[in-house]
Protein chains: 2
Amino acid sequence: MTGVLVIEDDDRIRLSLVLALEDEGYAARGAATAEDGLRQQRHDPAETVLVDLMLPGIDGFECIRQLRRDDDVPIVVVSARDDTHDIVAALEAGADDYLVKPVAVKELSARLRALRRRGRAMADPVPSLVFGDLVIRPEAGEVTVRGRPVALTRTEFRLLCELAEHPGRVLSRQQLLRRVWEYEVGDDRLVDVHVGRLRQKIEEDSSAPRHLVTVRGLGYKLQR
Amino acid sequence: MTGVLVIEDDDRIRLSLVLALEDEGYAARGAATAEDGLRQQRHDPAETVLVDLMLPGIDGFECIRQLRRDDDVPIVVVSARDDTHDIVAALEAGADDYLVKPVAVKELSARLRALRRRGRAMADPVPSLVFGDLVIRPEAGEVTVRGRPVALTRTEFRLLCELAEHPGRVLSRQQLLRRVWEYEVGDDRLVDVHVGRLRQKIEEDSSAPRHLVTVRGLGYKLQR
DNA sequence: CGGGTATGTGACGGTTTCATGACAAGGTGC
DNA sequence: GCACCTTGTCATGAAACCGTCACATACCCG
């Protein structure tokens, strides 16, 4: 259940949308007909669906209704028609957003992100960042390791959140000092000490860390 | 927590939006500045917020960020600017939708319905105010602990309701001062004292609270 | 293998944060 | 006016936290 499904009969437009979305970091794939799109969505559901309104066979409105009947998947209409009547009809049929062609890819991408964010915000009142058996709930000020809550200090918590916001990416000690401590300059060792204390609390064996790992000479990163 | 709040400095546009939304069956009200809108939203939150981008004082982008900081309320931007750059910036700041003026009321209404439908589709069906043996009935102004009614003062009650509206989420002392006392700035200690008094009344053992817990360095939260 | 650098970690004093009891000012009902 | 309740401020002490340092260990490179 990942990626974006583009249902659009015009080969050129479909292909360029898929490529543009891939450029933006989405896993995208296409369907040339509503029938094919619905089949794909049943078989291997995408996280979001883009639908054109004018399709051969089953048209866009009907396609939206059928998607909606099975699923809560976010649906975005991309259509050449900018008639209020069409927009209202598509939204009433179950679409979540409506863009008029030609679409700016940056806008489309931002709208897809907004839609995902909204989904998460509603589905889980306290969103979680999951790193294997390590679960971080920033809003709840709560961290659990294999289901057990761990008591972190404020600095440890902010440090962990900062690392968690960039999964797998190495952050230098200076970056962490700036973002967590809001120091413009500072002693790298300070970060070491707090990383150490954090490890004692969240790692099974702090001498062989699995999530909060050191990248010698560069900094620290948090991984699954 | 109902209705639509329209934040728009142009009196004519604001009024016509409010009237049009009321025609569509929404309870709508207006705010001429971001400051007033934010205050209203804190004091008596609307279900959805409409924001203009060009506002005197705090501008639309900053207004969106501040709304988002406190809440998950759906935000729709209504702006004269149809620049992709503005649209992306507004959505990134936390908006859910973006319409370009002049707006077709039917379209706006349909988009508001779509947003609400999405919210309902994902949200917890019962936003419960039951926290284990602690039950809060805001309408009745009644709180019971293990079946026994507890007499709370007005401040204690409002504090408890504010915490209960965000189950499991940490609220900072400053957030609580803004929302419960409507102080823009204030002394954190004041919150401590009232939390303490509230604990004496609703917790079995106030030195080992089970529901109203302190998150050191961050604030307080109410949990099951 | 040896010197140099980077990193892990325990200990310690100064500081911050929090819970709580006391109290005075204001409000309310009688 | 009086008794009572509510509210905000303050002082106090206990506990938690932070940053620094010293020293141990691990790693790299010649």
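Analyst: Welcome! In what follows, Asp, Glu, Lys and Arg count as charged, Ala, Val, Leu, Ile, Met, Phe, Trp, Tyr, Cys and Pro as nonpolar, and the others, Gly among them, as polar. Please keep in mind that this is a predicted model.

User: Thanks! How many residues of the surface near DNA strand D are charged?

Analyst: Let's start with who is there: 19 residues surround DNA strand D, and the closest include A:Thr153 and B:Arg154. When the residues of this surface are sorted by type, six are nonpolar and four are polar. The charged ones number nine.

User: Which helices of chain A and chain B each supply at least two residues of that surface near DNA strand D?

Analyst: Both chains take part here. From chain A come helix H6 (154–164) and helix H8 (188–202). Chain B adds its own pair, helix H6 (154–164) and helix H8 (188–202).

User: Now DNA strand C: which element gives the largest share of the surface near it?

Analyst: There are 21 residues around DNA strand C, and among those that come nearest are A:Gly196, B:Gly196 and B:Ser207. By type, this surface divides into four nonpolar, ten polar and seven charged residues. H8 of chain A and H8 of chain B each supply at least two of its residues. The largest share, six residues, belongs to H8(B).

User: The two protein chains also touch. How many residues does the contact take from chain B, and which element gives the largest share of that side?

Analyst: The contact takes 27 residues from chain A and 31 residues from chain B. On the chain B side, the elements giving two or more residues are helix H4 (84–93) and helix H5 (105–122). The largest share there is ten residues, and so the answers are 31 residues and, for the element, H5(B).

User: And what types of residue make up the side of chain B that touches chain A?

Analyst: Sorting this side by type gives three groups. Polar residues number four. The other two groups are 13 charged and 14 nonpolar.

User: How does the radius of gyration of chain A stand against that of a compact globule of 224 residues?

Analyst: The C-alpha atoms of chain A fill a box of roughly 65 × 35 × 30 Å along the principal axes. A compact globule of 224 residues would have a radius of gyration near 17 Å. Chain A exceeds that, with 22 Å.

User: Last one: what percentage of the residues of chain A count as buried?

Analyst: Chain A has eight helices and eleven strands. To count as buried, a residue needs 20 or more other C-beta atoms within 10 Å of its own. Of the 224 residues of chain A, the buried share is 37%.

Conventions: Residues are numbered from 1 along each chain as its sequence is written. Chains are lettered from A and ligands numbered from 1 in the order in which they are written. This is a predicted model: local features need pLDDT of at least 70, side-chain atom pairs count only at pLDDT 80 or more; totals for chains, interfaces and linings use all residues. A residue is near a molecule or strand if its C-beta atom, placed from the backbone, lies within 6 Å of it. Helices (H or I, at least four residues) and strands (E, at least two) are DSSP runs, numbered from the N terminus. Two residues are in contact if their C-beta atoms, placed from the backbone, lie within 7 Å. The radius of gyration is taken over C-alpha atoms; the globule rule is 2.2 Å times the number of residues to the power 0.38. A residue is buried if 20 or more other C-beta atoms lie within 10 Å of its own, exposed if 12 or fewer, and partly exposed in between; C-beta atoms are placed from the backbone.
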